[in-house]
Amino acid sequence: MAYDIILFDLDGTLTDPGIGITNAVIYALKQYDIQVENREELYRFIGPPLLESFQSFFGFTEEDAEQAVIYYRDYYREKGIFENYVYPGMDRLLGRLRRAGKALLVATSKPEEFALQILENFKLAEYFTVIAGASMDGSRIRKADVIDYALKQYGMDEREQVLMVGDRKHDILGAKEIGIASAGVLYGYGSREELEAAGADYIVLCVDNLYPLIVKE
């Protein structure tokens, strides 16, 4: 099936934020005297909402998790946001999709103001009609809510020709909840097992494999 409206996750899908996010988590955890020896243990923070992650992975109370998110954002806003890079071939892919007449949107659990800064910094913002993210006050953090918000911003009611592209189960589950198709990418931070278990309609190995999935020539 050809898809005309493509929603992209940001972290682990458009850009690799590994260093910035883990540095921000390390900074937040230090405020609680928690030391992490292996940075890779913190990659699980990439994708899910932060509040949920601090509670799930370190047993924080809701109150402590909320404060940890504040510490995280203090670091991320100043440094972590730029400790990031665009996946090779992504700029070319987005340009080709736009030239093929596809509408491109971003739907990320990252706060919207951070998403805008990142995409503008890497000169990717111009490709997207809508850049939708989580709200700072926590009222919009679930992936399904962000996807729904993005589609409403675009003014789209029909869902048959919409595809969500992401690297974690939250992207796939959010898409299923909203009633749109999903493609899980393996170059990000989610495993094939995670994406298949979540029910991804497609599994894509690399950036170059996305174009022929989306554009039927």
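## A walk from helix α5 outward

Start by selecting E120, which lies in helix α5. Keep in mind as you click around that this is a predicted model. Is E120 buried or exposed? Its relative accessibility is 51%, and the cut-off for exposed is over 50%, so E120 counts as exposed. Now add L42 to the selection and draw a C-alpha to C-alpha distance: E120 and L42 sit 26 Å apart in space, with their positions 78 residues apart in sequence.

**Next stop: the strands on either side of α5**

Select residues 103–111 for strand β4, then 112–121 for helix α5, and bring in β5 as well: together β4, α5 and β5 form a right-handed β-α-β unit. Strands β4 and β5 run parallel and are joined by four bridges. For a spot to zoom in on, pick L105, which stands opposite V130 in β5. Then colour residues 130–134 by accessibility. How many residues of strand β5 are buried? Five of its five are, so to speak, under cover: the strand is mostly covered. While you have sticks on, recall that side chains in a regular strand alternate between the two faces of the sheet.

**Over to α3 and its two partners**

Two packed helices are described by the angle between their axes and the distance between the axes, so that's what to look at here.

Show helix α2 (residues 50–58) with helix α3 (residues 62–78): their axes come within 9 Å and cross at roughly 125 degrees. That angle makes α2 oblique to α3, and the crossing is right-handed. For the contact, select L50, L51, F54 and Q55 in α2, which meet E62, A65, E66, A68, V69 and Y72 in α3.

Leave α3 on screen and swap in helix α1, residues 18–30. These two pack at an angle of about 130 degrees, with axes 8 Å apart, which makes α1 oblique to α3. Here too you get a right-handed crossing, as α1 passes α3. On the α1 side, select G20, I21, N23, A24, V25, Y27 and A28; they meet A68, Y71, Y72, Y75 and Y76 in α3.

**Last stop: α6 and α7**

Jump to residues 143–154 for helix α6 and 169–178 for helix α7. What angle do their axes make? They cross at roughly 60 degrees and come within 8 Å, so α6 is oblique to α7. The handedness of this crossing is right-handed. To light up the contact, pick K143, A144, I147, D148 and L151 of α6 along with H170, D171, G174, A175, E177 and I178 of α7.

Note on methods
Residues are numbered from 1 along each chain as its sequence is written. This is a predicted model: local features need pLDDT of at least 70, side-chain atom pairs count only at pLDDT 80 or more; totals for chains, interfaces and linings use all residues. Side-chain values use heavy atoms; hydrogens and water are left out. Buried means under 20% relative accessible area, exposed over 50%, partly exposed in between (1.4 Å probe, protein chains only). Two strands pair if DSSP finds at least two bridges between them. A crossover is right-handed if, with the strands pointing away from the viewer, the path from the first strand over the helix to the second runs clockwise. Axes are lines fitted to C-alpha atoms, for helices over the stretch in contact, and angles run from 0 to 180 degrees between N-to-C directions. Angles under 35 degrees count as roughly parallel, over 145 as roughly antiparallel, 65 to 115 as roughly perpendicular and the rest as oblique. A crossing is left-handed if the near helix is turned anticlockwise from the far one by less than a right angle, and right-handed if clockwise. Contact means heavy atoms within 4.5 Å.
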